[in-house]
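I opened this entry to go through the fold piece by piece. My notes follow in the order I looked things up.

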Amino acid sequence: MGLREPRPLPGRMSVGSLLVAGGRGRCFPVPLRSSLFQALHSSCCWKKSAAPKKITPNAAFYDENTKEPGNALDKLFSSEQQASILHVLNTASNKELEAFRLLRGRKSVNIIEHREKFGPFQNLESLMNVPLFQYKTTIQVCNSILCPETGGKKRKFQDNRLLRKLIKPEIERERLKAVHSIVSIVFGTRRVAWAHVDRKLAVLDWQQDECSQLMKGTYISSVYLQEISSVISKMPKADFYVLEKIGFSVQNSSRFPVVLHFHIMEAMLYALLNKTFAQDGQHQVLSMNRNGVGKHFELMIGDTRTSGKELVKQFLSESVLKEQPRVVFPPEKIVLYRQMFSSTEQHRAEELYDSLLQAVAFYELAVFDTEP
């Protein structure tokens, strides 16, 4: 996707070039596992019921300072389990051993050196002759070899961490996975736009309203309430209402009016759309990081997000030309949306474009990608 003309946020504002949004990258590293560990995992952890139970040291024959607790380890693991553990200890390379979290660093090196000096390990007890290995450590290592931590668990942790950066407040994964439709809302200093999109990425509604009176005068609360309530009355019901969250960077007092406006708008929308929060404590309004959406669609140039107009125009065309488009526009509304799009091209109605892009990114990043 080519670079698009940079679109500073003030294009949506009446007070000039004021805001520069910040953002962070995403990375989903996938851990490398050797065929040795895949085979071991298949043979030792077929099912939950068949997986070996995690062994806890027995205080009856364990002393933290004792190096030689007899043949206690042989009593804790079956002969098949012992054979599997010894196979790994005697054949795995240093890199393969370090794939186990408990064997990273000096422990894996000590195992290799002990193996080269004294030959293969004959039993689990001999592992305690290796420096840094005592009884408790040896049990933990044996457990981790029998059922190594999979890459799925690691990625799930990373996904949760990245999701928390993208969307706030934090929402249970079950609720995200079950979402049927959302209303994606983007507001500026002069207008509010929203896109109602379901989980098939079908556009059910797509509109914008002018709110030119909001920043006139002295931020009169009653005016904000009147204007925003009028906009909300036109919005359909949905499982979530997703607001664009801009990373404000206030360097001088001249930016304060715009920052204050955005905070008032966000607070009003949270209060008016979270209609049942006082009863059930469940959030229906979420904030989505603006630059996270920009990175998803490759619209970032440094810390500045460019216009999404051309991308939205492409979605409209693909909805007609492709059998399985990325975004589906109802055939009966295609003409209406094309006319609406054409009428806004001269006015840089970025809120309209961004509301649709935010909805698509929400599904692709937070709903469809919540499971590894």
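How many residues does the largest nonpolar core have, and which have the most contacts inside it? I am working from a predicted model. I found 43 residues in that core. Trp 206, Met 288, Phe 297, Phe 329, Leu 356 and Phe 362 have the most contacts inside it.

Next I checked which elements supply the core. Those giving two or more residues are α7 (151-166), β3 (191-198), β4 (203-210), β5 (240-245), β6 (285-289), α13 (309-321), α14 (331-344) and α15 (350-367). I noted that α15 gives the most, with 12 residues. As background, nonpolar side chains tend to be buried together in soluble globular proteins.

I then picked Leu 356 and listed its contacts, leaving aside neighbours within four places in sequence. Leu 356 touches Ala 195, Val 197, Val 203 and Trp 206. It is also in contact with Val 312, Val 327 and Phe 329.

**Sheet**

I traced the strand order next. Six strands make an open sheet, ordered β1-β6-β5-β2-β3-β4, with mixed pairing. At the edges I found β1 (167-168) and β4, each paired on one side only. I looked closer at β3 and β4: they run antiparallel and are joined by seven bridges. One partnership I wrote down is Ala 193 with Gln 208 in β4.

**Two helices**

I compared helix lengths with expectation. Helix α6 (residues 135-146) has 12 residues, which should span 16 Å at 1.5 Å a residue; I read 17 Å between its end C-alpha atoms, which agrees. Helix α9 (residues 221-232) also has 12 residues and an expected span of 16 Å; its end C-alpha atoms are 16 Å apart, which agrees.

Then I asked how covered they are. α6 is mostly covered, with nine of its 12 residues buried. Among them are Tyr 135, Ile 139, Val 141, Asn 143 and Leu 146.

For α9, I found Tyr 224, Ile 228, Val 231 and Ile 232 buried. They sit on the same side of α9, because they cover an arc of only 95° around the axis. These buried residues pack against β3, β4 and α10 (256-273).

**Cysteines**

How many disulfides are there? I counted zero, taking a disulfide as a pair of cysteine sulfur atoms within 2.5 Å. I also looked up the exposure of two cysteines. Cys 142 has a relative accessible area of 0%, so it is buried. Cys 211 comes out at 2% relative accessibility and therefore counts as buried. The cut-off I used for buried is under 20%.

Notes
Residues numbered from 1 in each chain as written. Predicted model: local features only at pLDDT ≥ 70, side-chain atom pairs only at ≥ 80, totals over all residues. Heavy atoms only, no water. Core = buried A, V, L, I, M, F, W, Y, C linked by side-chain atoms within 4.5 Å. Buried < 20%, exposed > 50% of the residue type's maximum accessible area, 1.4 Å probe, protein only. Helix = DSSP H or I, 4+ residues; strand = E, 2+ residues; numbered from the N terminus. Contact = heavy atoms within 4.5 Å. Pairing = 2+ DSSP bridges. Expected span 1.5 Å × (residues − 1). Arc of directions from axis to C-beta.
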